[in-house]
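Student: I would like to go through this model with you. Could we take it one topic at a time?
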Amino acid sequence: SGAAEESAAIGTVQAFALALGFLFVSLSRSNISGAQSLLFGSFVGITSEQVWVLALGAVVTVGAIPLASRPLLFASIDPDVAAARGIPVRMLSFGFLLLLGVATAEASQVTGSLLVFALLVLPPATAEALTARPAVSLGLAVLIGLLVTWFGLGLSYYNDYPIGFHITTLAFAAYLLAKGWQLRGHWAPAFTRQAA
């Protein structure tokens with residue numbers, strides 16, 4: 001649990017540094033439009049055919065997760081015991097990484113290769129700080145990802161800063177709020193005991 005929290009913290013700090021990178025690249029006067037498109041994507045530059053391909057990929061990846069959700073959860077929590085119970089842990093890991101790769105490759109067409117990293121790390125880390133229940137955490141991660149994306153798009157409409165900067169900054173702020181709420185829960189019992 002400690003290693004997982006440490007990894008989540010490192011990932012969120014990297015994602016916030018990415019947000020600053022979005023800002024500095026947008027303020028730069030260099031002509032790097034090709035690299036910027038590859039790294040940061042284009043939310044409004046995809047065709048209707050690409051939307052259909054993305055929708056098909058989303059149906060396949062999202063539809064495949066419930067089929068292996070229980071053994072995948074078991075293998076994620078305790079792979080040694082899962083393997084002893086006869087669950088094909090290696091095959092599940094390979095299948096999950098394959099689905100993750102498909103989802104990442106699809107999303108990076110819109111978000112770019114850097115912003116997709118932030119959206120893969122920050123919403124789940126935020127959800128994990130809010131609840132320990134896997135199903136609730138999964139739903140929260142999706143909801144947080146959607147909210148920061150839509151709010152980021154809305155904010156970027158009213159100023160000249162890049163969409164990725166807004167989305168990543170909002171996601172990082174949500175993570176900080178969630179960690180603050182989590183720490184508040186840990187501090188409250190100790191404070192109550194001291195007061196008593």
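Student: Where is Phe96 placed?
Tutor: This is a predicted model, and in it Phe96 lies in helix H6.

Student: Is Phe96 buried, partly exposed or exposed?
Tutor: Phe96 counts as partly exposed, because its relative accessibility is 35% and the partly exposed class lies between 20% and 50%.

Student: Which residues make the nonpolar surface patch?
Tutor: Phe96, Leu97, Leu100 and Leu120 form a nonpolar patch of about 340 Å² on the surface.

Student: Now Thr126. Which helix holds that one?
Tutor: Thr126 is in helix H6, which covers residues 89–130.

Student: Buried or exposed?
Tutor: Thr126 has a relative accessible area of 1% and is therefore buried, the limit being under 20%.

Student: What is Thr126 in contact with, apart from its neighbours within four places in sequence?
Tutor: Its contacts are Ile144, Ala171, Ala174, Tyr175 and Ala178.

Student: Which residues of H7 are buried?
Tutor: Ile144 is one of them; the others are Ser137, Ala141, Gly145, Val148, Thr149, Gly152 and Ser156.

Student: How far apart are the end C-alpha atoms of H7?
Tutor: They are 35 Å apart; this agrees with the expected 34 Å, because helix H7 has 24 residues (134–157) at 1.5 Å a residue.

Student: And what makes up the largest nonpolar core?
Tutor: That core has 10 residues, including Leu115, Leu122, Ile144, Val148, Ala171 and Tyr175. Helices H6, H7 and H8 (163–195) each give two or more residues to this core.

Student: Which residues does the second core include?
Tutor: The second core is separate and has six residues, among them Ala75, Ala82, Ile87 and Leu92.

Conventions. Residues numbered from 1 in each chain as written. Predicted model: local features only at pLDDT ≥ 70, side-chain atom pairs only at ≥ 80, totals over all residues. Heavy atoms only, no water. Helix = DSSP H or I, 4+ residues; strand = E, 2+ residues; numbered from the N terminus. Buried < 20%, exposed > 50% of the residue type's maximum accessible area, 1.4 Å probe, protein only. Contact = heavy atoms within 4.5 Å. Patch = residues over 30% accessible without salt bridge, like charges linked within 9 Å, V, L, I, M, F, W, Y side chains within 5 Å. Areas by Shrake-Rupley, 256 points an atom, 1.4 Å probe, with all protein chains shown as cover. Salt bridge = Lys/Arg side-chain N within 4 Å of Asp/Glu carboxyl O. Expected span 1.5 Å × (residues − 1). Core = buried A, V, L, I, M, F, W, Y, C linked by side-chain atoms within 4.5 Å.
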